[in-house]
Amino acid sequence: MTTDEKFDLLLTKFGNVEEKFDKIDDKFEEINDRFNKMNDRFDKMDDRFDEMDDRFDKMDDRFDKIEEKVDKIEDRIIGLEKDMIDVKSDLRRLHRDDEFIINEVERVHEILEKHKDNKQVHTA
């Protein structure tokens, strides 16, 4: 059997090879088109993820600014608490001083009353 006869025999056994190759080529093109569409979808998704990442970065920056403001407010509150402690101690001291002054005024008033009653008493 010659080579041409073998080749003809193969062609008859496997049918028309060109048609099969054309079908395979069509399938390959279809798969390639699907792949390109999927690739386009992935590109769009990647763009969306980039946009979301940018948004998260902006939000993170905003949270950092808010945290700075909160820290400043906390520092002010701590300062105010310390000031309140000082004010409380000042009020206690003033209250003691007021009591001392009132006691002294009452003592002097008693002395004056005694002096009014008896002009000879000089205990001031």
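The legends below describe several close-up views of a predicted model of a protein chain.

**View 1. The whole chain, with two helices and zero strands.** The secondary structure of this predicted model comes to two helices, without any strand, and one of them, helix α2, covers residues 17-117. The chain has 124 residues, of which buried residues make up 1%. About 12500 Å² of the protein chain is exposed, and carbon and sulfur atoms supply 56% of that area. The structure also holds four salt bridges, and some of these appear in the views that follow.

**View 2. A patch of positive charge on the surface.** Arg 55, Lys 58, Arg 62, Lys 65, Lys 69, Lys 72 and Arg 76 gather here in a patch of positive charge. Arg 76, one of the residues in this patch, is found in helix α2, the helix that runs over residues 17-117. Arg 76 has a relative accessible area of 63%, and it counts as exposed because this value is over 50%.

**View 3. A nonpolar patch on the surface.** The residues that form this patch are Met 38, Phe 42, Met 45, Phe 49, Met 52, Phe 56, Met 59, Phe 63, Ile 66 and Val 70, and together they have about 990 Å² of accessible area. Met 52, which is one of the members of the patch, is found in helix α2. At 39% relative accessibility, Met 52 counts as partly exposed.

**View 4. The salt bridge between Glu 30 and Arg 34.** Glu 30 and Arg 34 form a salt bridge in which the closest N and O atoms are 3.1 Å apart. Both residues lie in helix α2, where a spacing of four residues places them about one turn of the helix apart. The two partners can be described by their accessibility as well: Glu 30, at 35% relative accessibility, counts as partly exposed, whereas Arg 34, at 54%, counts as exposed.

**View 5. A network of salt bridges that links Asp 90, Arg 93 and Asp 97.** In this view three residues, Asp 90, Arg 93 and Asp 97, are linked in a network of salt bridges. Within it, the side chains of Arg 93 and Asp 97 meet in a salt bridge, with a distance of 3.7 Å from N to O. Arg 93 and Asp 97 are separated by about one helical turn, because they are four residues apart in helix α2. Arg 93 has a relative accessibility of 38% and counts as partly exposed, and Asp 97, with a relative accessibility of 34%, also counts as partly exposed.

**View 6. The salt bridge between Glu 104 and Arg 107.** The side chains of Glu 104 and Arg 107 meet in a salt bridge, and the distance from N to O is 3.1 Å. Glu 104 and Arg 107 both lie in helix α2, three residues apart, a spacing of about one turn of the helix. Glu 104 is partly exposed, with a relative accessible area of 29%, and Arg 107 is likewise partly exposed, with a relative accessible area of 41%.

Notes: Residues are numbered from 1 along each chain as its sequence is written. This is a predicted model: local features need pLDDT of at least 70, side-chain atom pairs count only at pLDDT 80 or more; totals for chains, interfaces and linings use all residues. Side-chain values use heavy atoms; hydrogens and water are left out. Patches are made of residues with over 30% relative accessible area and no salt bridge: like charges are joined within 9 Å, nonpolar side chains (Val, Leu, Ile, Met, Phe, Trp, Tyr) within 5 Å. Accessible areas come from the Shrake-Rupley method with a 1.4 Å probe; for residues, only the protein chains shown count as cover. Lys and Arg count as positive and Asp and Glu as negative; His and the chain ends are not counted. The place of a charge is taken as NZ of Lys, CZ of Arg, CG of Asp or CD of Glu. Buried means under 20% relative accessible area, exposed over 50%, partly exposed in between (1.4 Å probe, protein chains only).
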